[in-house]
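Trainee: Could we go through this model together?
Mentor: Yes, let us take it topic by topic.

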Amino acid sequence: MRVMAQLGMVMNLDKCLGCHTCSVTCKQAWTNRRGLEYAWFNNVETRPGQGYPRRYEDQDRWEGGWVRTPKGRLELRSGGRTKRLLRIFSNPTLPGLDDYYEPWTYDYDTLVNAPAQADVPVARPRSLITGEPMQIRWSANWDDDLGGAPEHAPHDPILQRIGERVRLEFEQAFMFYLPRICEHCLNPSCVAACPSGAMYKRAEDGIVLVDQDACRGWRMCVSGCPYKKVYFNHRTGKAEKCTFCYPRVEAGQPTICAETCVGRLRYIGLFLYDADRVLEAASVEREADLLEAQRSVILDPDDPAVIDAARASGIAEDWLDAARRSPVYALTHRYRIALPLHPEYRTMPMVWYVPPLSPVVNAVQETGFDGEDRSTLFAAIDALRIPVEYLAELFTAGDPAPVVASLRTLAAMRAHMRRANLGEPPDETIAASAGLTPAAIEDLYRLLAIAKYEDRYVIPSAHVELARLLDAQVACSVDPALVDPVSRRAAGRPGPGERP
Amino acid sequence: MSTVLWIAFPYICLTSFAVGHVWRYRYDKFGWTTRSSQLYERRLLEWGSPLFHFGILGVLAGHVVGLLVPESMTAALGVPEWLYHVVAAIAGTAAGLMTVAGLALLVYRRRLTPAVFRVTTRMDKAMYLLLAAVIAVGTFNTIGINLLGPGHDYRLDVAVWFRSIFWLQPDASLMASAPLTFQLHALLSFALLGIWPFTRLVHVFSVPVGYLARPYVVYRTRGDRPGARPPRRGWEAPGS
Ligand code: SF4
Ligand code: SF4
């Protein structure tokens, strides 16, 4: 067992408003530069929809991620090393600007400086690539809120895979938002595809970065990443990607996208994992087994054997402590409601998602039934095949069982908390139907619904004092209940997700 | 005059080549890239770039054999001069035509795709001009003189002179008697080597052969960075 630490994120999709605040603040922080106008390290896609870049999930076209060879070995989907070197002069699986979009600005100058004339002057769009006037036809978020869905959504690779003609008329549509950042994978195919060895995974915290001095602009990482989360800076000729805001997390602060998330749906914390088992787990034969394999690589931070091994590999005590209090571990392993995005790409992504119950609740309520009644919800989860199948294609390589289990837990939590709020006597069978105790389900509720800043972000740092200072400056306006986590523990309260 | 052309000039260019690369690697790793424009345009690049690059690799191989292997050695291996000549002329013609076709396509693309032309620097233009001239004259030597024309056994003069530069016993008289176009090709090539480190051509030295041997996933530690590091390139300075 070789224990390594990994920063992970969980997003609770039920709470995403689709406001794009995360995308905008990320862009302001990282990509508001020439050459990266089209880059969205954080983007929020409406599903069903094509995503960004367009149809990035179509791996028959883009050849991202890994495949298992018949002999059981892992190979990049785009082929072996020699093949990649032979393709180095022109990379056939690099998306073009039209798969992203042509970035533009407006001729604002004409608004103020146009000579007096009969017509009102307008600011025409101008391409940031050619400088010429252009027609805007697409952008990072053209199909937001199912806009143009009858035309665009049928191109959603997931819809095509479930082979169902989903009616995308307004009243029958189901819809949710999927915010995406780089997954900081345990088995990153972008790193594996980089011929220069410029991309690397940080041994301390698992963040995947590009060494700007070593990158030579071969663009293989862009193709290699199945999530298309490496972007080529077309001005500097270097690849750039989401950095998990490492200057912030090193100081104990959450990433910009998490810090500014309006829905407060993001959780950041540590995983401990067994680095020796990653390859084996990523190579299991059946795609449907990948979720379990991925879960099994992550170690129980309360297990004394794990703690000993972690100490042996030099993980500091405050990191071990943070791992035990990790909200992401709680959601992925204690409650098992968070699922990874596209485990079938075999990269072991480390941004996990709590699938949205809202399409089910909405459908139930629209038919006039009680959207907070456990049996109605359970029945609806089983009956509403399309949302579940769709979610399964996103999160479990098509296996509906883990999605159903996760949604049932959420439904049980809803029903249980309704009774509590109405002052009705608790019905133990509700929690039991999700395999939890009433206390655990209330704890899950706290974590999902009302968790405070320091419960959502448990990020150990080397400079705790400094970070707290910065925190106090930045976060007070955001979150009044900024409690010192150390004194909190001293007062005997458990951390988030620690099951009572 | 011939000392300047065939002794001083090559040494100046080679010095610039060597020192320039060390300097660039030391101070401009951030600028060391292929500066690919594939994002802007892919249809022409898909054809032009492999044509040019595979062609030029063939040309390079031909030059290694032609310039570095003495005629006495191939003769000792039992390869008669006429056979060598035929093989070299035919292979050279094939590689040369590929290179020319590829380069023509790439230059056409660079000039006529607005997005690509917009990011073409002055240095790029100078480099393309010189590169095209070297290739044009070289192709003429191979096809016009050695394949269809009277032929010239450059292995008896140009190649010997070329090697003599590296033995530090340069013999200018060898070049003085070579045909004009061979002289021109040599001079232009050395000029290209001279500006090489200051152009995008540096990417040639980044051929990622190490990729074939390294493990797929690379780990690196953050290291104990003691506070701020000196500012490096990568971010645009405010107001730029
Ligand atoms: S999601 Fe991130 S770490 Fe994973 S392959 Fe893509 S760029 Fe690499
Ligand atoms: S800021 Fe939060 S709520 Fe808004 S789109 Fe991003 S993830 Fe969703």
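**The sheet and the contact**

Mentor: Before anything else, this is a predicted model, and a good place to begin is chain A, where five strands form an open sheet in the order E13-E12-E1-E15-E14, with mixed pairing.

Trainee: Which strands stand at the edges there?
Mentor: Strand E13 (298-299) and E14 of chain A do, and because each has a single partner strand, one side of each is left without a neighbour in the sheet.

Trainee: And in what sense do E12(A) and E13(A) pair, parallel or antiparallel?
Mentor: Strand E12 of chain A, residues 266-274, pairs with E13(A) in the antiparallel sense over two bridges, and Leu272(A) has Leu299(A) in E13(A) as its bridge partner.

Trainee: Switching to the two chains, how many residues does each one put into the contact?
Mentor: Chain A gives 63 residues and chain B gives 43 residues. The area buried between chain A and chain B is about 4,800 Å², with carbon and sulfur atoms giving 56% of that area.

Trainee: Which three residues of chain A supply more of its buried area than any other three?
Mentor: Those are Arg81(A), Phe89(A) and Arg216(A), which together supply 18% of the area that chain A buries against chain B.

Trainee: What about charges, how many salt bridges are there between chain A and chain B?
Mentor: The count is one salt bridge, in which the side chains of Asp211(A) and Arg220(B) meet at 3.0 Å, taken from N to O. Polar contacts across the interface of chain A and chain B come to 28 residue pairs, with both residues at pLDDT 80 or more.

Trainee: Which elements of chain A give two or more residues to the side that touches chain B?
Mentor: They are helix H3 (81-86), helix H7 (189-193) and strand E8 (199-202) of chain A, and H3(A) has the largest share, with five residues. By residue type, the side of chain A that touches chain B divides into 32 nonpolar, 15 polar and 16 charged residues.

Trainee: You mentioned E8(A); which strand of chain B does it pair with?
Mentor: E8(A) pairs with strand E1 of chain B, residues 219-220, in the parallel sense over two bridges, and the bridge partner of Lys201(A) in E1(B) is Tyr219(B).

Trainee: New topic: what should I look at in the backbone?
Mentor: As background, most residues other than glycine have a negative phi, and most peptide bonds are trans. In this model the peptide bond from Arg47(A) to Pro48(A) is cis, with omega near -5°, and a cis peptide bond also joins Tyr52(A) and Pro53(A), where omega is about -10°.

Trainee: Where is Pro48(A) found?
Mentor: Pro48(A) is in the loop between strand E2 (43-47) and helix H2 (59-62) of chain A, and Pro53(A) likewise has its place in the loop between E2 and H2 of chain A.

Trainee: And what is the phi of Arg346(A)?
Mentor: Arg346(A) is not a glycine, yet its phi is positive, about 65°; Arg346(A) is found in the loop between strand E14 (339-340) and strand E15 (351-354) of chain A.

Trainee: Is Arg346(A) buried or exposed?
Mentor: Arg346(A) has a relative accessible area of 4%, so it counts as buried, the cut-off being under 20%.

Trainee: What about Leu168(B), buried or exposed?
Mentor: Leu168(B) counts as exposed because its relative accessibility is 64%, where exposed means over 50%. Phi of Leu168(B) is near 65°, a positive value in a residue other than glycine, and Leu168(B) has its place in the loop between helix H7 (158-166) and helix H8 (172-176) of chain B.

How values were computed: Residues numbered from 1 in each chain as written. Chains lettered and ligands numbered in written order. Predicted model: local features only at pLDDT ≥ 70, side-chain atom pairs only at ≥ 80, totals over all residues. Heavy atoms only, no water. Contact = heavy atoms within 4.5 Å. Buried area = accessible area lost by both parts, 1.4 Å probe. Salt bridge = Lys/Arg side-chain N within 4 Å of Asp/Glu carboxyl O. Polar contact = N/O pair within 3.5 Å; in protein donor to acceptor, adjacent residues only side chain to side chain. Helix = DSSP H or I, 4+ residues; strand = E, 2+ residues; numbered from the N terminus. Nonpolar A, V, L, I, M, F, W, Y, C, P; charged D, E, K, R; others polar. Pairing = 2+ DSSP bridges. Buried < 20%, exposed > 50% of the residue type's maximum accessible area, 1.4 Å probe, protein only.
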